[in-house]
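I opened a notebook for this structure and kept the entries short. Each one records what I looked up and what I found.

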Amino acid sequence: MKHAAALVSMATGVPPNVFHQTEILDAARFLLGSQYPQFETLSALFANTGIQHRYGVKPMEWYCEPRGWPERTQAFLEGAEVLFIDVAQKAIERAGLRVTDIDTVVTVCSTGIATPTLEARVAGKLGFRSDVSRVPVFGLGCAGGVAGLSIASRLAQARPGTNVLLVVLELCTLAVRHDELTKANIVAASLFGDGAAAVVLRAGDGGATCIESTGEHLWPNTLSIMGWRVDPEGFGVIFQRTIPDFVAEHMKPGVTAILSGMGLSIDDIDRFICHPGGTKVIIAIERAFSLDQGTLDHERAVIAEYGNMSAATVLFVLERARERGLPPRALLTSLGPGFTASCVALRHAA
């Protein structure tokens, strides 16, 4: 573990507009209720998610008007840049560093398109060095928080002593659709919010919490479970209702295979830190790993306070777990498009 990458600091952030779940349900009913006969049947989803409120980069009125690619993209660029700067500055300050100390920036995002990429757009405002290494990552979806941490840790480990900044940022609300009256869109409207997280990593002398090992598992013939479809209006969600069932049946074997590659078993894990896709997914994870109901308490708290922020969500859970004290070994897990599981094993020295 001499040159293992360590978590030096963390920060999370959300945009300023807060939406209570009942407020979102009322807006969805107003916009979709008369057009979609099944809406009232599906409206129970809003109460069953366990979500109390969520955050968005735009005020509620913005989402109530039809939007196309240009407006969505402009909203993404404006909102993402502000949120990126916020969490990056906080993480760098908490690490006791200056922005010019950052050697590599890994940016994970799947909810908007930016070329030049986000870290380039904010480089002047933040003050990154001109020789900073940039690693933008797109398309990992909800798995991106754990997979991004894995990528960033390996980059830090490859150059001990350098500082790697990971920023995971998702603006899920910008994909809200009025033109598609489907159950998948109703589910998405009931779950997703906006948020970002940043982590500073360093190998060699980073701190008490180290990345012990990382791994992934890709299931064959599962491309249709989750993802984006692109059309003139923007991103269209691909979201199968079978995700909790898939988790209950397949997650444990997949994670067991990942752990085997690390030289570990499930019995070696003191705490699971999971991406909380929703209440049903949390329950399915607890059942899959034979955890007592309620074990994933940080996951439930984060989903209640912020909703599902895609890739960023698991890092909100990790931040909460760190604040309350990590056990000797924890396993971060998340699932995302592919369909894939990403895992990171953490070793913590008290």
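The entries below go from the cores to a cavity, a helix and a few single residues.

**Entry: the cores**

I noted at the outset that this is a predicted model. I looked up the largest nonpolar core and found that it has 46 residues. Phe-76, Phe-84, Phe-128 and Leu-165 have the most contacts inside this core. I then listed the elements that each supply at least two residues of it: the helices α1 (21-32), α2 (39-42), α4 (60-63) and α5 (69-94), and the strands β1 (5-13), β4 (102-108), β6 (163-171) and β7 (194-203). The largest share, 11 residues, comes from α5. I also recorded another core, apart from the largest one, with 38 residues. Met-262, Ile-269, Ala-284 and Ala-288 are among the residues of that other core.

Which residues does Leu-165 contact, leaving aside its neighbours within four places in sequence? I wrote down Ala-88, Ile-92, Ile-102, Thr-104, Val-105, Val-106, Phe-128, Ala-198, Val-199 and Val-200.

**Entry: the cavity**

I searched for cavities of 30 Å³ or more and found one. About 90 Å³ of space lies in the largest cavity. I listed its lining as Trp-69, Arg-72, Thr-73, Phe-76, Thr-111, Gly-112, Ile-113, Leu-174, Ala-175 and Phe-235. By type, I noted six nonpolar residues, three polar and one charged. Helix α5 gives the most to this lining, with four residues. Phe-76 appears in the lining and is also one of the residues with the most contacts inside the largest core.

**Entry: helix α10**

I followed helix α10, residues 243-262, and found a kink of about 50° at His-250. The kink lies shortly before the proline Pro-253. I noted the buried residues of α10 as Ile-243, Pro-244, Phe-246, Val-247, Met-251, Gly-254, Val-255, Ile-258, Leu-259 and Met-262. These buried residues pack against the strands β8 (209-218), β9 (226-231), β10 (234-239), β12 (329-336) and β13 (340-348), and against the helix α11 (279-288). Gly-263 follows α10, and I recorded its phi as positive, near 80°.

**Entry: Thr-49**

I found Thr-49 in the loop between α3 (44-48) and β3 (53-56). Is Thr-49 buried or exposed? Its relative accessible area is 6%, so I entered Thr-49 as buried. Not counting residues up to four places away in sequence, Thr-49 touches Gln-21, Ser-190, Leu-191, Thr-279 and Ile-303. I also checked Thr-49 against Trp-219, 170 residues apart along the chain, and noted 26 Å between their C-alpha atoms.

**Entry: Arg-67**

I placed Arg-67 in the loop between α4 and α5. The relative accessible area of Arg-67 is 16%, and I entered this residue as buried because the cut-off is under 20%. Leaving aside neighbours within four places in sequence, I found Arg-67 in contact with Glu-61, Trp-62, Arg-72 and Glu-233. Arg-72 is also one of the residues in the cavity lining.

**Entry: Leu-155**

I located Leu-155 in helix α8, residues 144-158. I entered Leu-155 as partly exposed, with a relative accessible area of 30%. Its contacts, leaving aside neighbours within four places in sequence, are Thr-104, Val-106, Val-135 and Val-164. Thr-104 and Val-106 are also among the contacts of Leu-165. I noted last that Leu-155 and Arg-202 are 47 residues apart in sequence and 9.2 Å apart in space, C-alpha to C-alpha.

Methods:
Residues are numbered from 1 along each chain as its sequence is written. This is a predicted model: local features need pLDDT of at least 70, side-chain atom pairs count only at pLDDT 80 or more; totals for chains, interfaces and linings use all residues. Side-chain values use heavy atoms; hydrogens and water are left out. A nonpolar core is a set of buried Ala, Val, Leu, Ile, Met, Phe, Trp, Tyr and Cys residues joined through side-chain atoms within 4.5 Å. Buried means under 20% relative accessible area, exposed over 50%, partly exposed in between (1.4 Å probe, protein chains only). Contact means heavy atoms within 4.5 Å. On a 1 Å grid over the protein atoms alone, a cavity is a set of points where a 1.4 Å probe fits but cannot get out, and a pocket is an open set with protein on both sides within 12 Å along at least five of seven lines; lining residues have an atom within 4 Å of a point. Grid points are joined across faces, edges and corners, and a volume is the space filled by probe spheres set on the points. Ala, Val, Leu, Ile, Met, Phe, Trp, Tyr, Cys and Pro count as nonpolar, Asp, Glu, Lys and Arg as charged, and the others, Gly among them, as polar. The bend at a residue is the angle between axes fitted to the seven residues ending there and the seven starting there.
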